[in-house]
Amino acid sequence: MTKFAEREGDHLNFSHILFDLDGTLTDPKIGITKSVQYALAKFGIIEDNLDRLEPFIGPPLAYSFQEFYDFSEEDAWHAVQYYREYFADKGIFENELYAGIPELLSMLTQRQAVLIVATSKPLVFAERILKHFKLEHFFHAVVGSNLDGTLSDKSEIIRHIIEKENLNTASTVMIGDRKHDIIGAHTNGISSIGILYGYGSEAEMEAIGPTYCIRTVQELYEAFALAGKGSGLL
């Protein structure tokens, strides 16, 4: 994988930057895994180890219930409803901001980059989380899924953003911690940055091949800071 530290920064002058939410801007582990735990219990499945539920962080929930617990499509949809019973009141705030994220977003907006959230999380929840952490003013737009499950595939979300905002794909990048973020970028012909401080493993990133890969928020900050020197784009 290409590491930012090995580049001169000349290819990082993106005018439009799409950010995943869970595992990229915030660490939602406790809230998401407890919500999944609650939903599974409704089906008589008891999972006391929240670490085992980490794979639910990032992908569309209905997909994960089917993939990891062999739920039917109908049961997976019911599980999502149970998940939301817990998440809407408690799980949404069992969440914390990754250190350095406000500074990163501030630096990028000061350099006139246009920032957009691209998340599989329902839009209504994504907006509440951004407001809770006082991040909403950094973003030109927030695009998430609908409560009925539509617009939850990351490739579809990115395509929707590109079309709605009339983006130049050559100057747009997707930043995320899971393979679905990178696949979505590949599918739509934009560059991608896979980050390793979230919930995607290095092996997952190696297998999917993002344009760039980086390990920490600080390294991400430094990479964009370096790219912005002497450039009118950032």
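**Exercise 1. Determine which residues form the aromatic cluster, and characterise the pair Phe56 and Tyr69.**

Step 1. In this predicted model, one aromatic cluster is formed by Phe43, Phe56, Phe65, Phe68, Tyr69, Phe71 and Tyr82.

Step 2. A search of the whole structure yields 12 aromatic pairs. One of them joins Phe56 and Tyr69, with a centre-to-centre distance of 6.2 Å and 35° between the planes. Planes under 30 degrees apart would count as stacked and those over 60 as edge-to-face; the pair of Phe56 and Tyr69 is tilted.

Step 3. Phe56 lies in the loop between α1 (29-41) and α2 (61-69), whereas Tyr69 belongs to helix α2. The two residues are 13 apart, and their pair links distant parts of the chain.

Step 4. Phe56 has a relative accessibility of 2% and therefore counts as buried. Tyr69, at 24%, counts as partly exposed.

**Exercise 2. Classify the aromatic pair of Tyr83 and Phe87, and establish how the two residues are separated in helix α3.**

Step 1. The ring centres of Tyr83 and Phe87 are 5.4 Å apart, with 20° between the planes, and the pair is stacked.

Step 2. Both residues are in helix α3 (residues 73-87), and because they are 4 residues apart, about one helical turn separates them. In general, an α-helix has 3.6 residues a turn, so residues three or four places apart point the same way.

Step 3. Tyr83 is buried at 4% relative accessibility. Phe87 is likewise buried, its relative accessible area being 2%.

**Exercise 3. Identify the buried residues of α2 and explain why they line one face of the helix.**

Step 1. The buried residues in α2 are Leu61, Ser64 and Phe65.

Step 2. Viewed down the axis of α2, these buried residues fall within an arc of 100°, so they line one face of the helix.

Step 3. The elements against which the buried residues of α2 pack are α1 and α3.

Step 4. Just after α2, Asp70 adopts a positive phi of about 55°.

**Exercise 4. Locate Asp181, decide whether it is buried or exposed, and list its contacts beyond its sequence neighbours.**

Step 1. Asp181 is placed in helix α7 (residues 179-187).

Step 2. The relative accessibility of Asp181 is 2%. The cut-off for a buried residue is under 20%, and Asp181 therefore counts as buried.

Step 3. With neighbours within four places in sequence left aside, Asp181 is in contact with Asp20, Lys154, Ile158, Met174 and Gly176.

Notes: Residues numbered from 1 in each chain as written. Predicted model: local features only at pLDDT ≥ 70, side-chain atom pairs only at ≥ 80, totals over all residues. Heavy atoms only, no water. Phe/Tyr/Trp six-rings, centres within 6.5 Å; stacked < 30°, edge-to-face > 60°. Buried < 20%, exposed > 50% of the residue type's maximum accessible area, 1.4 Å probe, protein only. Contact = heavy atoms within 4.5 Å. Arc of directions from axis to C-beta.
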